[in-house]
Amino acid sequence: MDTPKLILLTTTHRVAPGLLGWPAWEALRSAPVVLVGVADHPQLPALRAAGVEPRLVERGTAPALARQLLAEAPAVWLESPDGDPGLTDALARIAVEEAGEHPEIEVLPGSYDLPGARLLDLVSVMDRLRSPGGCPWDAEQTHRSLVKYLVEEAFELVEAIEEDDRPTLREELGDVLLQVFFHSRIAEEDAEDPFSIDDVAGDIVEKLMYRHPHVFGDVSVEDSAETEANWEQLKAAEKQRESVLDGVPAGLPALAYAAKLVSRVRRARFTGVPDAPYELPAELTAESAGDLLLAIAQRGYDHGVDVDAALRAAARRYRRAVRTAEGLPETD
């Protein structure tokens, strides 16, 4: 005689209700009784449509629920949306302390998270924060008010990358991702031109596929340099740009702005304007200092040097040297 079995069927709210694996459906259709602990379980409509009518039970405390479920075996317990806190621990404790006295317990995953599924949680959290009854501060924010945080988070991410600090890198990537979702949630509320995070994601998917014809089309490229050149040509045609410098954001930090301009000019093989003189001027003025920095950006590009990153690295070395001279410990 087969030992009665209690099946704990787990699902994820990040997958549409009803999209369960075949073993899960087989267990649900063949079980003498299917039990649920919440009357509005999201899987109920799909189960009823398939001819499965679960029975609602009172959850109570985790130990009490564990004993009630064991007494119902053979049965399938449909895990509640909150994961039934403490239930698996209570069942495990009973299984160890009262070994051989109770039915077999099996945990059966009915559905799994897809890659990127946790992004749906971030959508839900942002919606909760911005909705009535959410966070007053979050509800007051606008695209403009969040700009400073976006800039700060971007630079903190850059620092984590340059310091090769992986724990901080993971955290800062999350902070930057939050800014994208925050702005997208605010955009949904625009009365004249609303768009959502799905629109944002859809647009970038289309853009990536369009600008990578060597991956998603029939274009062939020899190396990364040719890939980059194709990217710039497609981008220029897409944006209907007239100048090689169109689209370079003037709001970049000064040295990064100069480096980006130089990069555009070099890649376009534009020679209509001579390079700035690469020598220390006789008199250092605002104009001559600017020309010298531009010259460094131009030579830096020619030698594969990211001058913006190079200056930040030099600044960090300078900071460490000053703190050492002050008798203070390093901060990075």
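This is a short dialogue on reading a few features of a predicted model.

Student: How many aromatic pairs does a search of the whole structure find?

Tutor: The search turns up 1 aromatic pair. Its partners are Trp 137 and Tyr 149, with 5.9 Å centre to centre and 75° between the planes. Planes over 60 degrees apart count as edge-to-face, and that is how this pair is classed.

Student: Which parts does the pair tie together?

Tutor: Trp 137 sits in helix H6 (residues 136-140) and Tyr 149 in helix H7 (residues 143-162), so the pair links parts that are 12 residues apart in sequence.

Student: Are Trp 137 and Tyr 149 buried or exposed?

Tutor: Partly exposed lies between the cut-offs, with buried under 20% and exposed over 50%. Trp 137, at 41% relative accessibility, is partly exposed. Tyr 149 is partly exposed too, with a relative accessible area of 26%.

Student: How do H7 and H8 pack?

Tutor: Start with the angle: over 145 degrees counts as roughly antiparallel. H7 and helix H8 (residues 166-188) pack at about 160°, with their axes 9 Å apart, and are therefore roughly antiparallel. Their crossing is left-handed.

Student: Which residues in H7 and H8 meet?

Tutor: Tyr 149 appears again here, among the H7 residues, which also include Leu 146 and Leu 150; the H8 side includes Leu 169, Val 176 and Phe 182. By class, the contact has 13 nonpolar, 4 polar and 4 charged residues.

Student: And where is Glu 279?

Tutor: Glu 279 is in the loop between helix H12 (254-267) and helix H13 (286-302). Because its relative accessibility is 56%, Glu 279 counts as exposed.

Terms used
Residues are numbered from 1 along each chain as its sequence is written. This is a predicted model: local features need pLDDT of at least 70, side-chain atom pairs count only at pLDDT 80 or more; totals for chains, interfaces and linings use all residues. Side-chain values use heavy atoms; hydrogens and water are left out. Helices (H or I, at least four residues) and strands (E, at least two) are DSSP runs, numbered from the N terminus. Buried means under 20% relative accessible area, exposed over 50%, partly exposed in between (1.4 Å probe, protein chains only). Rings of Phe, Tyr and Trp (its six-membered ring) pair if their centres lie within 6.5 Å; planes under 30 degrees apart count as stacked, over 60 as edge-to-face and the rest as tilted. Axes are lines fitted to C-alpha atoms, for helices over the stretch in contact, and angles run from 0 to 180 degrees between N-to-C directions. Angles under 35 degrees count as roughly parallel, over 145 as roughly antiparallel, 65 to 115 as roughly perpendicular and the rest as oblique. A crossing is left-handed if the near helix is turned anticlockwise from the far one by less than a right angle, and right-handed if clockwise. Contact means heavy atoms within 4.5 Å. Ala, Val, Leu, Ile, Met, Phe, Trp, Tyr, Cys and Pro count as nonpolar, Asp, Glu, Lys and Arg as charged, and the others, Gly among them, as polar.
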